[in-house]
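Here's a quick walk through one structure, for anyone meeting it for the first time. Take a look at the sequence and the model, then read on.

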Amino acid sequence: MPGSRSLRAILPESYRQGDFADRFIAGFDDALAPLITALDCLDAYFNPHTAPDDFVAWMLGWTNTSLPACVGTIGRRNALLLGHRLHGLRGTRTGLELLVRHVLGGRLELTESGGTHYSAGPEDPSVPAPTGSWVRVRVLLPYGTAADRPWVVDDVAELVREWIPAHVTAEVAVADDADPLSAPHAPEGGH
């Protein structure tokens, strides 16, 4: 531990005489060193680029972002980096594109009806909703990600369905990108 971080450095001069104080304080210095180091590096814990993986998972919990196990470390860190922007665009095409590109590392092909409807008052649940709104989503994961892994396909499809508005009828397909050179993109403003 550097001398400037030692408790001995803050002792009055009269207590620094002799080796007893050095030996006594050395025990405290050894015990406090990991704590002081953690406090010195505290900002690195809250930076998605440098935070330990378990801390990234904890921060995702703070933002109520649940990601399936198939989302890797880079995707989790990107979800934190995009944070409020990603959540603010939830339920939109742009939000879904951000999710697929930066969190899942894939490409999105989306076709939608553009249909909408409105109601002057609360809708009666016994009356079927108009079928004018539909969307077909095709998620192309990086080459080899979903091959022979049905749980990845199921997890990604479920995640995408969560990001589509509840009133929209959705057809979701997940497949591997045919291009082996397709690679995930870094988030905008990321390192």
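Let's start with Arg136, whose bridge partner in β3 is Glu171. Arg136 also has a link in another direction: it sits in β2 as the bridge partner of Thr111. Keep in mind that this is a predicted model. A bit of background helps here: strands of a sheet pair through backbone hydrogen bonds, either parallel or antiparallel.

So which kinds of pairing turn up around β2? Strand β2, residues 134–141, runs parallel to β3, and eight bridges join the two. Val139 belongs to this pairing too, with Val174 as its bridge partner in β3. With β1, on the other hand, β2 pairs in the antiparallel sense, over six bridges.

Put together, that gives an open sheet of three strands in the order β1-β2-β3, with mixed pairing. Why do β1 and β3 each have one side without a neighbour in the sheet? It's because β1 (107–112) and β3 (169–176) stand at the edges, and each has a single partner strand. On average, neighbouring strands of this sheet are turned by 15° against each other, direction ignored.

Two helices pack on this sheet. Helix α5, made of residues 93–103, touches β1 and β2, and its direction makes about 155° with that of β1. Helix α6, covering residues 150–162, touches β2 and β3; here the angle to the direction of β3 is about 145°.

Helix α5 has a helix partner as well, namely α4, and α4 in turn packs with α3. Here are the two pairs:

| Helix pair | Angle | Axes |
|---|---|---|
| α4 (residues 73–88) and α5 | about 160° | 9 Å apart |
| α3 (residues 53–62) and α4 | roughly 45° | within 10 Å |

Take α4 and α5 to begin with. They pack at an angle of about 160°, and that makes α4 roughly antiparallel to α5. Their crossing is right-handed. On the α4 side the contact is made by Gly75, Asn78, Ala79, Leu82, Arg85 and Leu86, while α5 brings in Gly95, Leu98, Leu99, His102 and Val103. What sort of residues are these? Six are nonpolar, four polar and one charged.

Now for α3 and α4. Their axes cross at roughly 45°, and the two helices are therefore oblique to each other. This crossing is left-handed. From α3, the contact takes in Asp53, Val56, Met59 and Leu60, and from α4 it takes in Thr73, Arg76, Arg77, Ala79 and Leu80. This time the residues divide into five nonpolar, one polar and three charged. Ala79 is named in the contact with α5 and again in the contact with α3.

Finally, a word on charged pairs. Side chains of opposite charge can pair when their charged atoms come close. How many salt bridges does the model have? The count comes to seven. One pair to look up is Glu112 with Arg93, whose side chains meet in a salt bridge at 3.8 Å, N to O. Glu112 lies in strand β1 and Arg93 in helix α5, so this pair ties together parts that are 19 residues apart in sequence. Helix α5 also touches β1 as part of its packing on the sheet.

Note on methods:
Residues are numbered from 1 along each chain as its sequence is written. This is a predicted model: local features need pLDDT of at least 70, side-chain atom pairs count only at pLDDT 80 or more; totals for chains, interfaces and linings use all residues. Side-chain values use heavy atoms; hydrogens and water are left out. Two strands pair if DSSP finds at least two bridges between them. Helices (H or I, at least four residues) and strands (E, at least two) are DSSP runs, numbered from the N terminus. Axes are lines fitted to C-alpha atoms, for helices over the stretch in contact, and angles run from 0 to 180 degrees between N-to-C directions. Contact means heavy atoms within 4.5 Å. Angles under 35 degrees count as roughly parallel, over 145 as roughly antiparallel, 65 to 115 as roughly perpendicular and the rest as oblique. A crossing is left-handed if the near helix is turned anticlockwise from the far one by less than a right angle, and right-handed if clockwise. Ala, Val, Leu, Ile, Met, Phe, Trp, Tyr, Cys and Pro count as nonpolar, Asp, Glu, Lys and Arg as charged, and the others, Gly among them, as polar. A salt bridge is a side-chain nitrogen of Lys or Arg within 4 Å of a carboxyl oxygen of Asp or Glu.
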